[in-house]
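Here is a model to look at. The questions below ask what lies behind each label.

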Amino acid sequence: MNRYSRRQMLRLGGVGAAGVLLAACGKQAGVEESKNISAVGVVPEPEGLPTAEVNDVVLLRTAASLEFNAIETYDAALGLGVFTGAFAAAADIAERLRDDHRGHADAVNGLVAKLGGEPFTCGNPRLNEVYIAPALALIADEANENPSLDVVVLAHALENLAAQTYQSVVTMLSDKALRQAAMTIGQEEARHAAVLAQALNPGLAGVLPSIDEATGKPKVAAVPGAFGPLTPIPVTLGAKNADGSRTTLNLETPSLNSLAYDYVTCS
Amino acid sequence: MTLPAASPTPPTAPDRALLAFANSAELAARDLYAEAAALPAFGAAEQTVLVGFHDHHLAAAQALAGLVGKAATNVREDAVYDAFRGKVTGSDKSAIYDALRELENTLVSTHLSLVGTLEGTEGSALVASILSIQARHAAALALLGGRALADAFTNAAAPLSPGATS
């Protein structure tokens with residue numbers, strides 16, 4: 001019977017473990033190589049984003065993408081069939097605002113084409129993913145007690161987002177005429193927001209900021225302050241959660257991760 | 001990669017003259033709202049809104065003065081005040097709301113014109129933030145005055161120009 005000393009056992013064990021490690025690091029027949037699976041001693045080549053410049057065309061394409069976000073949201077809202085009863089008149093307003101956004105999209109894409117860019121003709125994919133799709137899902141949830149009201153709440157938030165976006169690009173656009181064109185549309189978005197605010201909180205009491213005494217939270221106001229805000233826009237939607245609260249999304253104007261760069265397409 | 005114009009540019013000398021004019025026009029609006037709020041036709045809730053809009057125009061004038069410093073006169077533009085003063089009177093609340101809406105739309109058009117003229121982005125950013133609110137003023141006044149929805153959205157007012165009014 002062979003007998004191994006403790007030292008010999010440790011030595012053999014070390015050799016075995018090294019073999020297993022080397023086998024794991026080596027190429028294996030029939031296994032496709034992936035840059036995502038790194039091996040010891042092999043540094044994967046980094047795959048960065050395409051080089052992109054943030055210029056007037058990109059900023060205007062981004063504005064156009066928001067217009068399509070609004071168009072698509074109004075279409076979706078109208079398709080939900082929630083504008084009934086007390087909200088029947090809201091369907092007319094929604095159609096009017098959607099048509100205004102179509103006009104804005106055409107105007108902005110006209111500027112894009114004039115600058116030699118490719119017009120952007122669909123909703124901003126990033127904003128769709130993080131804001132609009134989740135919001136519409138919350139609204140359409142069967143447990144939601146007031147989808148009609150939530151549609152107006154979402155529309156109001158999107159109009160504020162559009163108004164803020166145009167205001168925010170004023171300092172970024174290099175051409176003065178483009179700044180004026182942006183704000184010509186931006187002030188129309190602000191008017192949309194004011195009218196929808198009045199639909200949510202009507203009359204004199206809904207014009208200036210006020211606090212809901214029952215909840216301690218600010219009420220919707222047609223005119224939120226002396227200067228156009230550039231702050232996140234909270235929007236609370238959907239059915240109540242188990243703890244009685246509802247989901248709140250914070251909408252923010254597009255930034256580096258949501259601009260409609262030249263390489264972003266609608267296909 | 002960063003967003004362009006991370007550092008706003010200050011007003012040029014011609015910018016300062018235009019922003020000073022905007023300061024004077026805002027003070028004219030402030031005084032017209034003071035006149036309206038003092039009219040007995042309006043109740044307490046209406047006065048609250050009118051005083052709120054008065055305060056917004058005052059804040060706009062102060063911000064513009066802060067940006068241009070000594071270039072600001074901090075005196076109201078009498079031509080603007082005189083053009084609207086006769087309409088902000090009496091007991092016809094709808095007519096007064098219409099006059100104030102026309103005033104707001106005139107200021108929005110004026111500020112839009114400035115945004116297309118100003119070289120420095122500090123000035124254009126401030127004016128953009130002011131006109132965004134004044135567009136909301138106009139929309140709210142259309143609704144308070146019982147006007148059609150389209151009147152809240154449209155603005156046919158011509159812009160003021162410094163040479164034409166002073």
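**Reading the labels**

Chain A has 6 helices and 2 strands. This is a predicted model, in which local features need pLDDT of at least 70, side-chain atom pairs count only at pLDDT 80 or more, and totals for chains, interfaces and linings use all residues. Residues are numbered from 1 along each chain as its sequence is written, while chains are lettered from A and ligands numbered from 1 in the order in which they are written.

Q: What makes a stretch of chain A a helix or a strand, and what pattern follows along the sequence?
A: Helices are DSSP runs of H or I with at least four residues, and strands are runs of E with at least two, numbered from the N terminus. On that basis chain A reads α-α-α-α-α-α-β-β.

Q: How many helices and strands does chain B have, and in what order do the elements run?
A: Chain B has 7 helices and 0 strands. From the N terminus its elements run α-α-α-α-α-α-α.

Q: Where in chain A is confidence lowest, and where is it highest?
A: Confidence here is pLDDT, the predictor's own value for each residue, from 0 to 100. Helix H1 (residues 6–25) of chain A is lowest, at a mean of 57. H6(A) is highest, at 97. Chain A as a whole has a mean pLDDT of 89, with 85% of its residues at 70 or more.

Q: How do you know whether the radius of gyration of chain B agrees with a compact globule?
A: The radius is taken over C-alpha atoms, and the globule rule is 2.2 Å times the number of residues to the power 0.38. For 166 residues the rule gives a value near 15 Å; chain B has 16 Å, so the two agree. The C-alpha trace of chain B spans about 55 × 35 × 25 Å along its principal axes.

Q: Why is Ser124(B) called buried or exposed?
A: A residue is buried if 20 or more other C-beta atoms lie within 10 Å of its own, exposed if 12 or fewer, and partly exposed in between; C-beta atoms are placed from the backbone. Ser124(B) has 28 within 10 Å, so it is buried. Ser124(B) sits in helix H5 of chain B.

Q: Which residues are in contact with Ser124(B), leaving aside neighbours within four places in sequence?
A: Contact means that two C-beta atoms, placed from the backbone, lie within 7 Å. Ser124(B) is in contact with Val170(A), Arg179(A), Val115(B) and Leu118(B). Thr9(B) is 115 residues away along the chain, and its C-alpha atom is 9.7 Å from that of Ser124(B).

Q: Why does Ile211(A) count as buried or exposed?
A: Ile211(A) has 10 C-beta neighbours inside 10 Å, so it counts as exposed. Its place is in the loop between H6 and strand E1 (233–237) of chain A. Not counting residues up to four places away in sequence, Ile211(A) touches Gly216(A), Pro218(A) and Lys219(A).

Q: What is the phi of Asn74(B), and is the residue buried or exposed?
A: Asn74(B) has a positive phi of about 55 degrees although it is not a glycine. With 12 other C-beta atoms within 10 Å, Asn74(B) is exposed. It lies in the loop between helix H2 (44–68) and helix H3 (78–85) of chain B.

Q: How do you know whether the span of helix H1 (residues 13–37) of chain B agrees with what its residues should give?
A: The expected span is 1.5 Å times one less than the number of residues. For the 25 residues of H1(B) this gives 36 Å; the end C-alpha atoms are 37 Å apart, which agrees. Of those 25 residues 19 are buried, so H1(B) is largely enclosed by the rest of the structure.

Q: How many residues of H4(B) are buried?
A: H4(B) is mostly covered, with 17 of its 23 residues buried.

Q: What makes a nonpolar core, and which residues touch the most other members of the largest one?
A: A nonpolar core is a set of buried Ala, Val, Leu, Ile, Met, Phe, Trp, Tyr and Cys residues joined through C-beta atoms within 7 Å. The largest has 122 residues, where Leu154(A), Ala182(A), Leu64(B) and Ala139(B) touch the most other members. Helix H5 (residues 121–144) of chain B gives the most to this core, with 15 residues.

Q: How many residues does each chain bring to the contact?
A: Chain A brings 34 residues and chain B brings 38. On the side of chain A that touches chain B, H6(A) gives the most, with 14 residues.
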